[in-house]
Amino acid sequence: MRVAMVQVDSSGESVPERRARVGELVRGLGGADLVVLPELWAVGYFAFDAYAEGAEPFEGPSVSDARSWARELGAWVHLGSFVEMDAGRLFNTAVLLSPEGEVAHVYRKIHVFGYRSREAELLTPGDELPVADTSFGRVAATTCYDLRFPELWRGLVDGGAQIAIVPAAWPAARREHWRLFTSCRAVEEQVLLIGCNAAGAELGGHSRVVDPWGAVLAEAGTEAGVTWCDVDPAVVERARAEFPVLADRRTDLTFQGADV
Ligand SMILES: NC(=O)CCC(=O)C(=O)O
């Protein structure tokens, strides 16, 4: 299975120009089975003042463009995330489209980010952790900052997730945390993790694919562009069978800090 991670730089140009530029790039990715984009790349993660104006209903340009890219390529497309407007509230919404252009998976970011960021002030957190069955396995998504919350990830695995797609706008200042957490979550949860980060001013790039053994199958540099990776999704079940750490969990115990 061929994965293409599109590391987008959202500085400069207008949003329609950016959509057109990225669309042309994605439509050129013939041969990909799965295309993945970063978090809030259309409006730009740090363009907080533009979130409200750039917000879309679910069936807005982000989903509509990604539907047509998926159909044209005959590939799965994870559009990254966009600012979704629903009943007067804004969400950071990530969507996977099937090769037929159908919505296969929707995830609203649960841990919105408030450290030197206005995301937590402007956006409403999601509260659902769905998984979806695809031709390449059971898929879940979490967005950027969610990487820091292992209990959320354990919840995904409890839901049967084998592949985790992580759109991100992770800053360069904490790039080593990005590398650490993507590797850690892949190994800890025994998933194939596909993390697509944004590039450009302040953003760290280094989109990466990590398998359940911790092998880094591909890693981008800091520049905008496409990183390809050939993956075998069956590695997940092989790793879980050979090294059954998830089966060794002590789910019969409840830990309560100092009293234990
Ligand atoms: N976009 C984000 O969620 C940024 C997260 C981040 O910078 C961090 O966890 O560090």
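This is a short tour of a predicted model with a bound ligand, from confidence scores to one buried aspartate.

Confidence first. The protein's average pLDDT is 97, and 99% of the residues reach at least 70. For the complex, the predictor reports an ipTM of 0.99 and a pTM of 0.97.

UniProt, in an unreviewed entry, lists residues 1-233 as "domain: CN hydrolase". In the model that span is 25% helix and 28% strand, and its end C-alpha atoms sit 8 Å apart.

Now the ligand. Around it you'll find Glu39, Tyr45, Phe113, Cys144, Tyr145, Arg148, Ala169, Trp170, Pro171, Arg174 and His177. Here's how that shell splits up:

| Class | Residues in the ligand shell |
|---|---|
| Nonpolar | seven residues |
| Polar | one residue |
| Charged | three residues |

Next, Asp146. It's in the loop between strand E7 (137-141) and helix H5 (150-158). Asp146 counts as buried because 24 other C-beta atoms lie within 10 Å, and the cut-off is 20 or more. Setting aside neighbours within four places in sequence, Asp146 contacts Lys109, Ile110, His111 and Leu152. Take Lys109: Asp146 is 37 residues from it in sequence, yet their C-alpha atoms are 7.4 Å apart in space.

Finally, the nonpolar interior. The largest nonpolar core has 76 residues, and Val3, Val6, Val35, Val36, Ala164 and Ile194 touch the most other members. Val35 makes a handy example: not counting residues up to four places away in sequence, Val35 touches Ala4, Val6, Val26, Leu29, Leu73, Ala75 and Val77.

Methods: Residues are numbered from 1 along each chain as its sequence is written. This is a predicted model: local features need pLDDT of at least 70, side-chain atom pairs count only at pLDDT 80 or more; totals for chains, interfaces and linings use all residues. pLDDT is the predictor's confidence in each residue, from 0 to 100. A residue is near a molecule or strand if its C-beta atom, placed from the backbone, lies within 6 Å of it. Ala, Val, Leu, Ile, Met, Phe, Trp, Tyr, Cys and Pro count as nonpolar, Asp, Glu, Lys and Arg as charged, and the others, Gly among them, as polar. A nonpolar core is a set of buried Ala, Val, Leu, Ile, Met, Phe, Trp, Tyr and Cys residues joined through C-beta atoms within 7 Å. A residue is buried if 20 or more other C-beta atoms lie within 10 Å of its own, exposed if 12 or fewer, and partly exposed in between; C-beta atoms are placed from the backbone. Two residues are in contact if their C-beta atoms, placed from the backbone, lie within 7 Å. UniProt positions are given in the numbering used here, feature names are shortened, and annotations may be inferred rather than shown by experiment. Helices (H or I, at least four residues) and strands (E, at least two) are DSSP runs, numbered from the N terminus.
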